[in-house]
Amino acid sequence: MPRLWIETVGCQMNVLDSELVVAALRRQGWDLAGTTAEADAVFYNTCSVRQHAEDKVYSALGRIRLEKERRPGLVVGVLGCMAQKDQALVRSRAPWVDLVVGPGQLHRVPLLVEAIRSGGGPQVEVALGRTAGSRAEIARSFESYDPDRDPTMRPNPFQAFLRTQTGCDKFCSFCVVPHVRGPEQARAPDTILAEARRLVAEGCREITLIGQTVNSYAWSDGGRTSRLADLLGRLDAVDGLDRIRFVTNYPRDMTADLVAAVRDLPKVCPYLHVPAQHGSDAVLARMRRGYTIGEYREMFAMVRAALPHAAVTSDFIVGFCGETDAEFQTTLDLVRESGFKNSFIFKYSPRPGTKAFQRQPDDVPEGVKKERHRVLLDAQTEVSRAGNQPFVGTRQQVLVEGLSVRDEKREAAGAPPSADGSAQLTGRTRCDRIVVFDAPLRMVGRLVDIDIVTAGPWSLGGLVAEPAAAAGDPASPSGGDRPQQLHAIRLPTAGSLGRGE
Ligand code: SAH
Ligand code: F3S
């Protein structure tokens with residue numbers, strides 16, 4: 001039986017794509033390899049959002065080269081966004097790569113692997129560029145990849161990502177995603193609902209809807225348009241499902257009806273990832289984000305009024321083209337004032353093919369970017385710490401996800417399990433706060449009430465509130481707090497590449 005090793009870099013879309021590619025190959029008789037040395041195929045599912053993510057993949061390709069020299073029959077594949085962005089360049093930099101497949105061609109992977117293994121030589125399959133044809137032609141060349149799911153291939157069987165749409169049409173000037181993931185294309189609501197029901201039948205309790213701008217979702221059928229709020233209403237009625245999350249939101253599409261749906265639908269978690277990217281109107285205009293900071297603040301105030309306890313999170317870019325000290329200060333002010341539960345902070349990385357790359361010099365020195373990153377992260381850390389403090393003394397319902405980072409490391413280092421079968425576990429509240437506590441491993445996958453006793457900036461610590469036998473009743477949501485972030489779920493097959501930072 002041939003064996004596959006896959007490493008995934010980047011966002012939750014890639015995590016889902018890897019899950020689906022592995023499931024498709026398993027249906028063709030493949031199994032998973034424990035190491036690259038045992039594998040008949042080694043795939044890297046790649047990210048192009050920042051240079052650093054690409055560098056990691058080229059380093060990994062350098063490491064696999066020796067293995068390929070020893071075993072020429074090994075199939076080395078580069079999948080995903082870098083494959084689409086760099087295409088032939090991947091093979092000229094790393095000629096030992098056999099397979100280059102963009103995110104719009106993943107359905108072809110099993111066939112292409114067979115072609116290589118039966119002597120057909122290297123295979124490259126990518127979609128059209130964003131100016132290479134009519135919108136319809138380009139859209140057709142990016143096929144949504146949604147084959148049957150396989151619960152054993154998920155990071156855990158009780159949580160799943162579910163794609164609502166592919167691609168992005170916003171074209172922020174810094175961002176490569178619309179170029180590598182193609183035009184925005186929604187999936188039909190009935191298809192999404194059917195997939196959700198199947199996931200639940202397989203034991204899934206929490207679904208995270210994913211789209212580059214998930215709240216731009218629109219599906220028109222017979223004169224009626226379904227939006228994300230409609231979709232959430234239908235998903236909320238699915239029996240057996242406990243929690244629904246959705247990422248990532250585009251600020252301008254955060255409409256009042258969507259916020260009302262989050263407020264009124266009991267399974268929809270009050271966690272909203274709505275990246276601001278910057279605090280200054282001038283920079284937002286250079287970024288082509290399509291809103292002013294005043295409009296962002298209005299959106300934020302609307303969310304706060306309707307959902308006072310919701311967790312709102314953001315992404316920020318520091319050191320974007322031409323960013324002055326005064327402009328950076330506006331981002332710092334926004335972070336200090338807004339109370340984001342957490343923010344992902346990135347140093348600007350120029351991306352070939354984007355408008356910013358073509359027209360705006362990357363003129364903020366690396367040292368300044370680093371310093372602004374540090375200052376903003378320090379500010380966010382204090383805001384996050386203050387935001388977590390009020391949870392001490394409350395009872396929170398968490399979905400138990402698995403071993404804590406500490407116990408995972410212990411397990412990886414070969415430490416024996418504790419005699420009573422308990423371990424340090426981690427779970428998330430409805431509003432995506434990480435909670436760490438000691439409990440028996442059999443609680444993984446259950447909803448459990450935890451009494452919170454400690455709070456740090458990035459997690460809470462607590463004690464199981466009920467006897468284990470009673471825990472996990474899905475009909476007892478507790479606590480004022482509700483949901484999640486695009487947590488860096490690792491596939492069971494994944495190696496060490498991690499998020500594409
Ligand atoms: N819509 C996507 C966002 C894609 S990229 C989503 O689902 O999250 C994720 C984040 O990376 C962006 O919000 C932005 O903050 C950051 N980013 C994108 N392009 C970047 C670049 N060229 N340099 C630095 N950070 C970037
Ligand atoms: Fe990128 Fe902007 Fe779309 S950040 S994914 S172009 S909304």
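# A tour of the predicted model: helix, cavities and backbone exceptions

Within helix α15, the residues K369, R372, L376, A379, Q380, T381, V383, S384 and N388 are buried. Select them first; the model being toured is a predicted one. Helix α15 runs over residues 366-388 and has 23 residues. From its first C-alpha to its last, α15 reaches 32 Å, close to the 33 Å expected at 1.5 Å a residue. An α-helix has 3.6 residues a turn, so residues three or four places apart point the same way. Next, display the elements that cover the buried residues of α15, which include β15, α13 (325-338), β16, β20 (447-455) and β21 (460-464).

**The domains**

Now colour the chain by its domain assignment: domain 1 (3-141), domain 2 (154-386) and domain 3 (391-472). Place a centroid over the C-alpha atoms of domain 1 and another over those of domain 3; the two centres are separated by 36 Å.

**The largest cavity**

Turn to the internal space. Rolling a probe the size of a water molecule over the atoms shows where empty space is left. There are four cavities of 30 Å³ or more. The largest cavity holds about 790 Å³ of space. Its lining comprises 44 residues, of which V49, C175, V177, Q212 and D315 are the closest to the centre; select these five to mark the location.

Which elements each supply at least two residues of the lining of the largest cavity? Show α1 (12-27), α7 (177-181), β15 (311-318) and β16 (343-347). Helix α7 gives the most to this lining, with four residues. Strands β15 and β16, which contribute here, are also among the elements covering the buried residues of α15.

Colour the lining of the largest cavity by residue class, and 22 nonpolar, 13 polar and nine charged residues appear. Where does the largest cavity lie with respect to domain 1 and domain 2? The largest cavity lies between them, because both domain 1 (3-141) and domain 2 (154-386) give residues to its lining.

**The second largest cavity**

Move to the second largest cavity, which contains about 90 Å³ of space. To outline it, select D17, P103, G104, F142, E143, S144, Y145, R163, T166, G167 and R181. By class, this lining divides into three nonpolar, four polar and four charged residues. Domain 1 (3-141) and domain 2 (154-386) each provide at least three residues of the lining of the second largest cavity.

**Backbone exceptions**

Most residues other than glycine have a negative phi, and most peptide bonds are trans. The next three stops depart from that pattern.

- Select V247 and T248, which are joined by a cis peptide bond with omega of about 0 degrees. T248 belongs to the loop between β13 (243-247) and α10 (256-264).
- Select Q87, a residue that is not a glycine yet has a positive phi of about 45 degrees. Q87 sits in the loop between α3 (81-86) and α4 (88-93). With a relative accessible area of 28%, Q87 is partly exposed.
- Select Q277, another residue other than glycine with a positive phi, here near 75 degrees. The loop between β14 (271-273) and α11 (281-286) contains Q277. Is Q277 buried or exposed? Q277 counts as buried because its relative accessibility is 7%, and buried means under 20%.

**Distances across the chain**

Finally, use the viewer's distance tool on three C-alpha pairs.

- Start from E295, located in helix α12 (residues 293-306). E295 is partly exposed, with a relative accessible area of 42%. Draw a line to L66: the two residues are 229 residues apart along the chain, and their C-alpha atoms are separated by 54 Å.
- Continue with A326 in helix α13, one of the elements that cover the buried residues of α15. A326 is itself exposed, with a relative accessible area of 56%. From A326 to R71 the C-alpha distance is 56 Å, across 255 residues of sequence.
- End at T208 in strand β10 (residues 206-210). T208 counts as buried, at 2% relative accessibility. The C-alpha atom of T208 is 9.9 Å from that of V268, with the two residues 60 residues apart along the chain.

Note on methods
Residues are numbered from 1 along each chain as its sequence is written. Chains are lettered from A and ligands numbered from 1 in the order in which they are written. This is a predicted model: local features need pLDDT of at least 70, side-chain atom pairs count only at pLDDT 80 or more; totals for chains, interfaces and linings use all residues. Side-chain values use heavy atoms; hydrogens and water are left out. On a 1 Å grid over the protein atoms alone, a cavity is a set of points where a 1.4 Å probe fits but cannot get out, and a pocket is an open set with protein on both sides within 12 Å along at least five of seven lines; lining residues have an atom within 4 Å of a point. Grid points are joined across faces, edges and corners, and a volume is the space filled by probe spheres set on the points. Ala, Val, Leu, Ile, Met, Phe, Trp, Tyr, Cys and Pro count as nonpolar, Asp, Glu, Lys and Arg as charged, and the others, Gly among them, as polar. Domain bounds come from an automatic or database domain assignment. The expected span of a helix is 1.5 Å times one less than its number of residues. Buried means under 20% relative accessible area, exposed over 50%, partly exposed in between (1.4 Å probe, protein chains only). Contact means heavy atoms within 4.5 Å.
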